[in-house]
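Thanks for coming, everyone. Please bring up the sequence and the structure, and we will walk through them together.

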Amino acid sequence: MGFRENLRDEMEYQGVSARDLAEKSGVSKRTIDNYLMSNPQEPGVYNAQKIAKALKVSVEFLVTGTEYKSPVAVTGERLEFLNSFDSLPVDDRLLIMNLIKKLQPHG
């Protein structure tokens, strides 16, 4: 299955029409209809992201039909760190990344 089938299935599952999705995503109804046609136009990354966000699924899910599963559990202290890291300005994130690289053992 590809984007068209996964999009159609998710819309049906959520009870969302093309018009509803257009309003929620900011992608025109005509463009969404094109993605749902039997010979569909594939979306660009920007529209795929807007549609996924409106449906509250990942772009990966719309493209592959499966969700990414992290091989490492992200809970507790790791989750707290990631949430804090994500809220920092880009320059501060770069400083932290450089610090982590310097602290890693070489060899």
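**Helices, faces and a core**

Let's start on the outside of helix 2. Turned away from the buried side of this helix, one face carries the exposed residues Arg19, Glu23 and Lys24. One caution before we go on: this is a predicted model.

Now turn helix 2 over. Its buried residues are Ala18, Leu21, Ala22 and Ser25. Why do they line one face? Seen down the axis of helix 2, these buried residues fall within an arc of 105°, so one face of the helix holds them. What do they pack against? Helix 1, helix 3 and helix 4. Right after helix 2 comes Gly26, with a positive phi near 80°.

Stay with two residues of helix 2. Take Ser25 first, which lies in this helix. Is Ser25 buried or exposed? Its relative accessibility is 9%, and buried means under 20%, so Ser25 counts as buried. Setting aside neighbours within four places in sequence, Ser25 is in contact with Ile32, Lys50, Ile51 and Ala54. Met97 is another matter. Ser25 and Met97 are 72 residues apart in sequence, and their C-alpha atoms are 34 Å apart in space.

Next, Leu21. Which residues does Leu21 contact, leaving aside those within four places in sequence? The list is Leu7, Met11, Val16, Gly26, Ile32, Ile51, Ala54 and Leu55.

That brings us to the core. Here is the general background. In soluble globular proteins, nonpolar side chains tend to be buried together. In this model, the largest nonpolar core has 18 residues. Which members touch the most others? They are Leu7, Leu21, Ile32, Ile51, Leu55 and Leu62. Four elements give two or more residues to this core: helix 1 (3-14), helix 2 (18-25), helix 3 (29-36) and helix 4 (45-55). Helix 4 gives the most, with five residues.

So, on to helix 4. Its buried residues are Ala48, Ile51, Ala52, Ala54 and Leu55. They cover an arc of only 160° around the axis, and therefore sit on the same side of helix 4. What covers them? The cover includes helix 1, helix 2, helix 3 and helix 5 (59-64). Look at the face turned away from the buried side. There, helix 4 carries the exposed residues Val45, Tyr46 and Lys53.

How do helix 2 and helix 4 meet? A general word first. Two packed helices are described by the angle between their axes and the distance between the axes. For helix 2 and helix 4, the axes come within 9 Å and cross at roughly 105°. Angles of 65 to 115 degrees count as roughly perpendicular, so that is what helix 2 and helix 4 are to each other. From helix 2, the contact uses Leu21, Lys24 and Ser25. From helix 4, it uses Lys50, Ile51, Ala54 and Leu55. By class, the residues of this contact divide into four nonpolar, one polar and two charged.

What follows helix 4? Lys56, with a positive phi near 60°. Lys56 has this positive phi although it is not a glycine. Where does Lys56 lie? In the loop between helix 4 and helix 5. Its relative accessibility is 77%, and the cut-off for exposed is over 50%, so Lys56 counts as exposed.

Last stop, the second helix pair. Helix 6 (residues 76-86) and helix 7 (residues 90-103) pack at an angle of about 135°, and their axes are 10 Å apart. Helix 6 and helix 7 are therefore oblique to each other. Phe81, Phe85 and Asp86 make the contact from helix 6. Arg93, Ile96, Met97 and Ile100 make it from helix 7. What is the mix by class? Five nonpolar residues, no polar residues and two charged residues.

One more residue in helix 7: Leu95. Buried or exposed? Leu95 is exposed, with a relative accessible area of 56%. Compare its place with that of Phe61. Leu95 and Phe61 are 34 residues apart along the chain, and 33 Å separates their C-alpha atoms.

To recap, then. Helix 4 gives the most residues to the largest nonpolar core. Helix 2 and helix 4 are roughly perpendicular. Helix 6 and helix 7 are oblique. Over to you for discussion.

Key: Residues are numbered from 1 along each chain as its sequence is written. This is a predicted model: local features need pLDDT of at least 70, side-chain atom pairs count only at pLDDT 80 or more; totals for chains, interfaces and linings use all residues. Side-chain values use heavy atoms; hydrogens and water are left out. A nonpolar core is a set of buried Ala, Val, Leu, Ile, Met, Phe, Trp, Tyr and Cys residues joined through side-chain atoms within 4.5 Å. Buried means under 20% relative accessible area, exposed over 50%, partly exposed in between (1.4 Å probe, protein chains only). Contact means heavy atoms within 4.5 Å. The arc is that of the directions from the helix axis to the C-beta atoms. Axes are lines fitted to C-alpha atoms, for helices over the stretch in contact, and angles run from 0 to 180 degrees between N-to-C directions. Angles under 35 degrees count as roughly parallel, over 145 as roughly antiparallel, 65 to 115 as roughly perpendicular and the rest as oblique. Ala, Val, Leu, Ile, Met, Phe, Trp, Tyr, Cys and Pro count as nonpolar, Asp, Glu, Lys and Arg as charged, and the others, Gly among them, as polar.
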